[in-house]
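User: I would like to go through the labels attached to this model and hear the reasoning behind each of them. Please set the values against the cut-offs as you go.

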Amino acid sequence: MRSRLLDAAVELFKDKGPAGVSVADIAAAAGAFPSQITYYFRTKEALFVEAACREVLYVARRAEEAAAHATSGADYNRRLVEAVVGAPGLALFVEALSLTRRRQDLTPLIERTFERLHSQGDRAYGEIRAARGWTAKSNTATTARRFWTLALGLALREGATGATTAEEVEEMLLLLQYEGNT
């Protein structure tokens with residue numbers, strides 16, 4: 001039931017934003033009772049943050065899968081960036097970060113999500129670098145952190161300014177510029 005609630009909530013949040021969705025809407029979409037949301041998550045805000053955290057981790061996994069067959073560092077970056085920039089799950093996570101500034105009780109989930117994003121990015125990039133014999137100036141952990149910092153910053157700007165996804169992709173690629181050999 002918990003997973004069904006998260007699945008239903010994330011789709012509604014992507015479509016209408018957290019303010020446009022009620023607990024009753026989520027419960028109905030999941031085939032549940034509103035009291036089950038309270039039981040599993042306490043509040044709609046806690047459900048939103050958990051759904052956004054889970055969704056950004058799914059975005060990261062899809063990006064890793066998209067980049068797994070890259071033939072060069074530049075190709076790897078492009079595949080990652082195109083899979084992440086403009087993803088609705090990234091935008092939800094940016095909103096969750098903003099909400100968490102006002103709801104400090106939700107901070108631990110955000111912190112764990114960042115830890116996973118960074119460690120999984122470090123692992124994935126390290127594995128592909130080793131397998132392809134690529135070298136780079138900075139270590140994989142620093143590169144993974146830089147990637148997510150840029151992605152989140154650009155997602156925040158895209159939401160605030162209306163920049164297009166294509167513009168954001170090109171800017172992020174420029175900022176990342178593969179550092180090593182291909």
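User: What is the handedness of the crossing of H4 and H5?

Analyst: In this predicted model, the crossing of H4 and H5 is right-handed. Helix H4 covers residues 44–67 and helix H5 residues 73–84, and their axes come within 8 Å of each other.

User: What makes H4 roughly antiparallel to H5?

Analyst: The axes of H4 and H5 cross at roughly 150 degrees, and because angles over 145 degrees count as roughly antiparallel, that is the label that H4 and H5 receive.

User: Which residues of H4 and H5 meet, and how many of them are nonpolar, polar or charged?

Analyst: From H4 come Val59, Ala63, Glu64, Ala66 and Ala67, which meet Tyr76, Arg79, Leu80, Ala83 and Val84 in H5. Sorted by class, this contact has eight nonpolar residues, two charged residues and no polar ones.

User: Why is H8 called roughly antiparallel to H9?

Analyst: Helix H8 (residues 140–161) and helix H9 (residues 165–176) pack at an angle of about 150 degrees, with 10 Å between their axes. The cut-off for roughly antiparallel is over 145 degrees, so the angle of H8 and H9 leads to that description. The crossing of H8 and H9 is right-handed.

User: Which residues make the contact of H8 and H9, and how many are charged?

Analyst: On the H8 side the contact is made by Arg146, Phe147, Leu150, Ala151, Leu154, Arg157 and Glu158, and on the H9 side by Thr165, Glu168, Glu171, Met172, Leu175 and Leu176. Five residues in the contact of H8 with H9 are charged, while seven are nonpolar and one is polar.

User: Why is the pair of Phe13 and Phe48 called edge-to-face?

Analyst: A search of the whole structure finds seven aromatic pairs, among them Phe13 and Phe48, whose ring centres are 4.9 Å apart and whose planes stand at 90 degrees. Ring centres have to lie within 6.5 Å for a pair, and planes over 60 degrees apart count as edge-to-face, so the values for Phe13 and Phe48 meet both conditions. Phe13 belongs to helix H1 (residues 2–16) and Phe48 to helix H4, so this pair ties together parts that are 35 residues apart in sequence.

User: How do you know whether Phe13 and Phe48 are buried or exposed?

Analyst: Buried means under 20% relative accessible area; Phe13 has 2% and is therefore buried, and Phe48, at 3%, counts as buried as well.

User: What makes the pair of Tyr40 and Phe41 tilted?

Analyst: The centres of Tyr40 and Phe41 are 6.4 Å apart, with 50 degrees between the planes. Planes under 30 degrees apart would count as stacked and those over 60 as edge-to-face, so an angle between these cut-offs is called tilted. Tyr39, Tyr40 and Phe41 form one aromatic cluster.

User: Why do Tyr40 and Phe41 receive their accessibility labels?

Analyst: Tyr40 has a relative accessible area of 29% and is partly exposed, because that label applies between 20% and 50%. Phe41, at 3%, counts as buried.

User: Why does Phe33 count as exposed?

Analyst: The relative accessibility of Phe33 is 61%, and exposed means over 50%, so Phe33 counts as exposed. Phe33 is found in the loop between helix H2 (23–30) and helix H3 (34–41).

User: What makes Thr100 buried, and which residues is Thr100 in contact with?

Analyst: Thr100, which lies in helix H6 (residues 88–102), has 5% relative accessibility and so counts as buried. Leaving aside neighbours within four places in sequence, Thr100 is in contact with Val49, Leu106, Thr107 and Ile110.

Key. Residues are numbered from 1 along each chain as its sequence is written. This is a predicted model: local features need pLDDT of at least 70, side-chain atom pairs count only at pLDDT 80 or more; totals for chains, interfaces and linings use all residues. Side-chain values use heavy atoms; hydrogens and water are left out. Helices (H or I, at least four residues) and strands (E, at least two) are DSSP runs, numbered from the N terminus. Buried means under 20% relative accessible area, exposed over 50%, partly exposed in between (1.4 Å probe, protein chains only). Axes are lines fitted to C-alpha atoms, for helices over the stretch in contact, and angles run from 0 to 180 degrees between N-to-C directions. Angles under 35 degrees count as roughly parallel, over 145 as roughly antiparallel, 65 to 115 as roughly perpendicular and the rest as oblique. A crossing is left-handed if the near helix is turned anticlockwise from the far one by less than a right angle, and right-handed if clockwise. Contact means heavy atoms within 4.5 Å. Ala, Val, Leu, Ile, Met, Phe, Trp, Tyr, Cys and Pro count as nonpolar, Asp, Glu, Lys and Arg as charged, and the others, Gly among them, as polar. Rings of Phe, Tyr and Trp (its six-membered ring) pair if their centres lie within 6.5 Å; planes under 30 degrees apart count as stacked, over 60 as edge-to-face and the rest as tilted.
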